Amino acid sequence: MTTPTLADRLRQPEYTGENRCTPCTVVNVVIAAALSLVLGVAWPPLALVSFALFAGAIYFRGYLVPGTPTLTKTYFPDRVLRWFDKEPAPTQTRVGATASAPGSAAGDDADAESPDDEVESGELDGDGASVAAFDVEATLMDAGALEVNENGDELRLVPTFESAWNDEIARTDEDVARRWLARLTGVDEADVTLESRARSRWLVAMVDGTTLGSWESDGALVADVAADAALDGRLDDWDRLTAEQRSALVRGLRIYLNRCPTCGGDVRFGSETAESCCRSWEVFAVRCEDCEARLLEVDAEALEPETA
């Protein structure tokens, strides 16, 4: 058994590392700086010494001031928290999602499970322009995946495509998903890892410490991988689509899921309140009734029509 070091004994894993809350850390650093300046008035060298001690406490413990999440949520404007917060990831996934309302593709950096270092941005090796100008619904209709229902008032899955999609879902496992990620991103399959982030609630694909993308759950990833396979060959220019465009297509199909890809349970649609360490916001969510897996989550603001 390895003997824990002093650093190990001081560190609080629940508040540091991947669990560190950026807005709360910023608040604590600002408070530490202010306290150090006050102490420095009495004796200038004390400013540097005290700040070093405060910074060490923040680094190892996560917080300097107890109750920081409540303090941050109360006194920081939401627009400021959105700059730093790590939710919600669907609007910022390189492979698994684009910032869009269901069935459309419109690049929008909502709040994000980065933009710092965890799950980066709604494009894959690009600036997202190809997705922003990409009509997802029209392309899916051209591919024979979607059609207008009998009433002519909404879209639905074409039965033959739905059957093909379900067949692909049945044979998609983690190995298949890793191969898909490797092909889509041009990396070595052996280097692709899938990590479940408990605090941030996302399944994250990584290569050598770099985030490829994230999904709301295993089921969301399975749905995307299977949809990509089912769409292959249904469009004449399929091979010319970018990774961003293909990601937008498969994500756009998830709103039409009738069964959970993981357990086969029924799905429900509705609004929910998502929460991170120090803020909350409304989202549109697709969730399994049986296993409660999140299959799609979109910031409610992305669904609001733009006003002139």
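**Exercise 1. Decide whether Thr193 is buried, partly exposed or exposed, and find what surrounds Thr193.**

Step 1: The relative accessible area of Thr193 is 35%. Since buried means under 20%, exposed means over 50% and partly exposed lies in between, with a 1.4 Å probe and protein chains only, Thr193 is therefore partly exposed. This is a predicted model, in which local features need pLDDT of at least 70 and side-chain atom pairs count only at pLDDT 80 or more, while totals for chains, interfaces and linings use all residues. Residues are numbered from 1 along each chain as its sequence is written, and side-chain values use heavy atoms, with hydrogens and water left out.

Step 2: Thr193 has its place in strand E3, where helices (H or I, at least four residues) and strands (E, at least two) are DSSP runs numbered from the N terminus.

Step 3: Leaving aside residues up to four places away in sequence, Thr193 touches Val204, Ala205 and Met206, a contact being heavy atoms within 4.5 Å.

**Exercise 2. Work out the order of the strands in the sheet that contains E3.**

Step 1: The open sheet has 3 strands in the order E3-E4-E5, with antiparallel pairing; two strands pair if DSSP finds at least two bridges between them. E3 and E5 are the edge strands, each pairing on one side only.

Step 2: Neighbouring strands are turned against each other by 25 degrees on average, direction ignored. Axes are lines fitted to C-alpha atoms, for helices over the stretch in contact, and angles run from 0 to 180 degrees between N-to-C directions.

Step 3: E4 and E5 run antiparallel and are joined by 5 bridges, and Val207 has Thr210 of E5 as its bridge partner.

Step 4: Helix H10 packs on the sheet, where H10 touches E3, E4 and E5, and its direction makes about 95 degrees with that of E5.

**Exercise 3. Check the length of helix H9 and describe its surroundings.**

Step 1: H9 covers residues 174-185, which is 12 residues. The expected span is 1.5 Å times one less than the number of residues, so H9 should span 16 Å, and this agrees with its end C-alpha atoms, which are 16 Å apart.

Step 2: The buried residues of H9 include Trp180, Leu181 and Leu184, and what covers the buried residues includes E3, E4, E5, H10 and helix H11 (243-253).

Step 3: H9 lies across E3, E4 and E5, and runs at about 115 degrees to E3.

Step 4: After H9 comes Gly186, whose phi is positive, near 75 degrees.
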